[in-house]
Amino acid sequence: MLKKSILEAKLNGKRVVVRADFNVSIDEGVIKDDTRIRETVPTLKYLLSQNCSLILLSHLGRPKGIDAKYSLKPVAKRLEGYLKQKVSLINQFASGNNRPLELLPKQVVMLENVRFYPGEEKNDLKYARKLAGYGDIFVNDAFAAAHRAHSSTVGIARFLPAYAGLLLVKEINVIHKVLNNADRPVVSVVGGAKISDKIGLIKKQLDLSQTVLVGGGIANTFLKAMNRNVQNSLVENEVLKKARELLFEAASKHSALILPFDFVIKNKEGKVLTAILSQLPNEAAIMDIGPKSRKLFKDYLLGAGTIIFNGPMGKYEEKPFDEGTKDLIKAASESKALSVIGGGDTLACIGSKKIAEGITHISTGGGAMLEFIEKGTLPAIEVLQ
Ligand code: ADP
Ligand code: MG
């Protein structure tokens, strides 16, 4: 399981193909949150300190063919600021019979979006060989893309010695600890819109944890599965049966699945109120967990040895329904537990990272983190040395 990292590789002066995850959200050419870029900088600086030249690979968004809207140009610019050196962007690298680039030690180039070519997502080996042809060794630091078996994450490792970058190692080690050697009690928090996205995760969390705290639309679906009336709240009616099975599984595993019992709601007229479950007004919609539930959940978090947190507790995009999630993140931050947080929407809800300062590990991978917890490994990790 534990893979060789760049710290164990003979690097001196080598040409290193680095797969990073620079898939940041860009609005009219402006990068909104560059966490993923920043988190890769230590790996790049280390490789440069070993006189390597770097050929960087990443995807950005889901382009269908070459499309300037999905260019890595703003990423290359941002990276130049962090590395304090030129990062040249190479276009059209997959067409024709292009030669290996002539690179000086410590020179950095970035190939354009690897998804501009259809080979990437098919894990096409010809395309992988082309990417591999630019270097002497391969380094993967793209944890957030490690659940995808693509040419630049999996196929390429057939053609070059393959090592883990420092960010990937950090992500692997912390989840490894949570899966194999977690301090008890383990308290999981799961939220978000849909159970169907997270059935595998919830099952795994029931195995791993003494307590699973549930919020968000997921909690509504569990409540409805228990024949409670949640009025006009977001519910996933297609999976009520599955939800009942999960409740049954929880009961048979000595793992407590705990649902909220009071809520911040919107009533029929759109007014924001708090209400307990048995007194939800007609046609009300649950928007967030309520103050009493927060108090209970926070007590669990403060007493935890390990915390795994994924998914918002409410419709956080609309104020004040972000408060339940933020309260719990604050509690996880204050707790002495080893705490791991992941999920695109979960991180978006935290926004300013201040309230999450005490969190042990904020994962750069949403889907990748969930799949890693569920399966214990990921395709792009498997192929490393
Ligand atoms: P993550 O990306 O962190 O894994 P998800 O994608 O699973 O999280 O879920 C996030 C979505 O869940 C958000 O769009 C949020 O608005 C929605 N959500 C959570 N609770 C509710 C609720 N009570 N009603 C409506 N939407 C909700
Ligand atoms: Mg999401």
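These questions and answers go through a predicted model.

Me: Which domains does the domain assignment of the protein give?
Reply: The domain assignment splits the chain into two stretches of residues. They are domain 1 (6–169) and domain 2 (182–374).

Me: What area is buried between domain 1 and domain 2?
Reply: The size of an interface is often given as the accessible area lost when the parts come together. Here 8 residues of domain 1 are in contact with 9 residues of domain 2. Carbon and sulfur atoms give 64% of the area buried between the two domains, and that area is about 680 Å².

Me: In domain 1, which residues lose the most area to domain 2?
Reply: The area buried between domain 1 and domain 2 is about 680 Å². In domain 1, the residues that lose the most area to domain 2 together make up 69% of what that side buries; they are Arg36, Phe143 and His147.

Me: How many salt bridges does the rule find across the interface of domain 1 and domain 2?
Reply: By class, the side of domain 1 that touches domain 2 has 3 nonpolar, 2 polar and 3 charged residues. Across the interface the rule finds 1 residue pair in polar contact. For salt bridges across the interface, the number found is 0.

Me: Is Ala94 buried or exposed?
Reply: Ala94 is in the loop between strand 5 (87–90) and strand 6 (108–111). Leaving aside neighbours within four places in sequence, Ala94 is in contact with Tyr117, Tyr127 and Lys130. The relative accessible area of Ala94 is 18%, and the cut-off for buried is under 20%. Ala94 is therefore buried.

Me: Is Glu28 buried or exposed?
Reply: Glu28 sits in the loop between strand 2 (26–27) and strand 3 (30–31). Its phi is near 50°, a positive value in a residue other than glycine. The relative accessibility of Glu28 is 78%, and the cut-off for exposed is over 50%. Glu28 therefore counts as exposed.

Me: What is the phi of Gln92?
Reply: Most residues other than glycine have a negative phi. Gln92 lies in the loop between strand 5 and strand 6, and is partly exposed at 46% relative accessible area. Gln92 is not a glycine, yet its phi is positive, at about 50°.

Me: Which residue does a cis peptide bond join to Arg184?
Reply: Most peptide bonds are trans. The bond that follows Arg184 is cis, with omega about -5°. The residue joined to Arg184 lies in the loop between helix 4 (166–180) and strand 9 (186–190); that residue is Pro185.

Definitions and conventions:
Residues numbered from 1 in each chain as written. Chains lettered and ligands numbered in written order. Predicted model: local features only at pLDDT ≥ 70, side-chain atom pairs only at ≥ 80, totals over all residues. Heavy atoms only, no water. Helix = DSSP H or I, 4+ residues; strand = E, 2+ residues; numbered from the N terminus. Buried < 20%, exposed > 50% of the residue type's maximum accessible area, 1.4 Å probe, protein only. Contact = heavy atoms within 4.5 Å. Domains from an automatic or database assignment. Buried area = accessible area lost by both parts, 1.4 Å probe. Salt bridge = Lys/Arg side-chain N within 4 Å of Asp/Glu carboxyl O. Polar contact = N/O pair within 3.5 Å; in protein donor to acceptor, adjacent residues only side chain to side chain. Nonpolar A, V, L, I, M, F, W, Y, C, P; charged D, E, K, R; others polar.
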